[in-house]
Amino acid sequence: MSKRDDFELGAVRIAPGSRKTVELPISTLSDHTPVNMSVHVIHGKRPGPTLFVSAGIHGDEVIGVEIVRRLLRTPNLNSLRGTLMVIPIVNAFGFLNRSRYLPDRRDLNRCFPGSSGGSLGSRMAQMFLKDVVAKCDFGIDLHSAAINRTNLPQIRISPDTPSILARAKAFGAPAIVRSPLREGSLRAAARDEGVDVLLFEAGEGLRFDEFSVRAGVAGILRVMHDMGSLPRKGISKAKAASILCSSSKWLRAPAGGLLRTFKEEGEVVAEGEVLAAVCDPFGDEEIEISADFAGLIIGRAVMPIVNEGDAVYHIAKVASPQKAETTIEDMTAQLEADPLFDEDEII
């Protein structure tokens, strides 16, 4: 078998069977501090697909950073076929400021495909697309809910890309939600480059959530096995098939006030079931929020103060509520018991 070529990223070459962190220069801060996009490259000895895993496109979505940290410490990667590029923090500016956005308040995930002469976000988007995404066969992009909300671990896929559904099922997240591609997003720009991307949503902005982290690491390893990048050894199969959600809807606060929630993400609710109540600070008036249809709660607000019209519960329609409930229970039990994630092995 002939030796593989080195993998090139920027001005750095990574030899087969080695790993290296490459610093891609982005810009400088106003005090002349350089800002880089750090890419950890693992170049396997044997040929295989090239995959990227990215986190922190929104700077306050820190859960993906923890997923990436654990992924990079798994011994499975010693058997890698092909090449893996891992970017823990795409939006370093937002991460440093604990903000979703760039310094000019732009959303980096609306700046793709970008341009070399545009805004800071546009330049970052173009560099990431050209130097990382375009070199890959597939990608997984890690996100969480916005601040003051939380999401059940879920994979979002484009409804008009049926080929990616198999990868979503291989990931084994509790739910798969069909979500249209948005103009300016990484997913849309990557597809134009011929690269499909799974979007993983889980947890809350600026918070870690053990269940979501475990679901993320396990899912990435399963996809890598499905692609032929990793052998099965040490990678658990999902105990249940993901819940395929046909559509979803946000329920909104009917008035401003104090929000008392009675249901959590991952719970299955019946049509008409009371999920929460909004009351005024004096306790004189209380308005209940009920489910419009039977379904699975895939996201909710965690802030107990709401204004009229604020999103409170995100409910997805499912074919069988009873089966969905069993699936969530089985997946939760599996992730809690999986020895791969014992803290002695991770930290």
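**Figure 1. Surface and overall dimensions of the protein.** The accessible surface comes to about 15,600 Å². Carbon and sulfur atoms hold 48% of that surface. The model shown is predicted. Along the principal axes, the C-alpha atoms fill a box of roughly 75 × 50 × 40 Å. The radius of gyration is 21 Å, which agrees with the value near 20 Å for a compact globule of 347 residues.

**Figure 2. Secondary structure, burial and contacts.** The protein has eight helices and 18 strands. Of its 347 residues, 53% count as buried. Consider contacts with a separation of 6 or more: residues 24 or more positions apart account for 70% of them.

**Figure 3. The largest pocket, seen at its centre.** This pocket has a volume of about 740 Å³. Its lining holds 29 residues. Closest to the centre are Arg-110, Arg-156, Ser-179, Arg-182 and Glu-201.

**Figure 4. Strands around the largest pocket.** Five elements each give two or more residues to the lining: strand S8 (149-157), strand S9 (175-178), strand S10 (196-204), strand S11 (243-252) and strand S18 (311-318). The largest share comes from S8, with four residues.

**Figure 5. Residue classes in the lining of the largest pocket.** Eleven residues of this lining are charged. Ten are polar. Eight are nonpolar.

**Figure 6. The second largest pocket and its lining.** The volume here is about 230 Å³. Lining residues include Lys-169 and Ile-176. The run Ala-241, Ser-242, Ile-243 and Leu-244 also lines this pocket. So do Val-318, Ala-319 and Ser-320, together with Lys-323, Ala-324 and Thr-327.

**Figure 7. Elements and residue classes at the second largest pocket.** S11 and helix H7 (321-337) each supply at least two lining residues. H7 gives the most, with three residues. By class, the lining divides into seven nonpolar, three polar and two charged residues. S11 also gives two or more residues to the lining of the largest pocket.

Conventions
Residues are numbered from 1 along each chain as its sequence is written. This is a predicted model: local features need pLDDT of at least 70, side-chain atom pairs count only at pLDDT 80 or more; totals for chains, interfaces and linings use all residues. Side-chain values use heavy atoms; hydrogens and water are left out. On a 1 Å grid over the protein atoms alone, a cavity is a set of points where a 1.4 Å probe fits but cannot get out, and a pocket is an open set with protein on both sides within 12 Å along at least five of seven lines; lining residues have an atom within 4 Å of a point. Grid points are joined across faces, edges and corners, and a volume is the space filled by probe spheres set on the points. Ala, Val, Leu, Ile, Met, Phe, Trp, Tyr, Cys and Pro count as nonpolar, Asp, Glu, Lys and Arg as charged, and the others, Gly among them, as polar. The radius of gyration is taken over C-alpha atoms; the globule rule is 2.2 Å times the number of residues to the power 0.38. Buried means under 20% relative accessible area, exposed over 50%, partly exposed in between (1.4 Å probe, protein chains only). Contact means heavy atoms within 4.5 Å. Accessible areas come from the Shrake-Rupley method with a 1.4 Å probe; for residues, only the protein chains shown count as cover.
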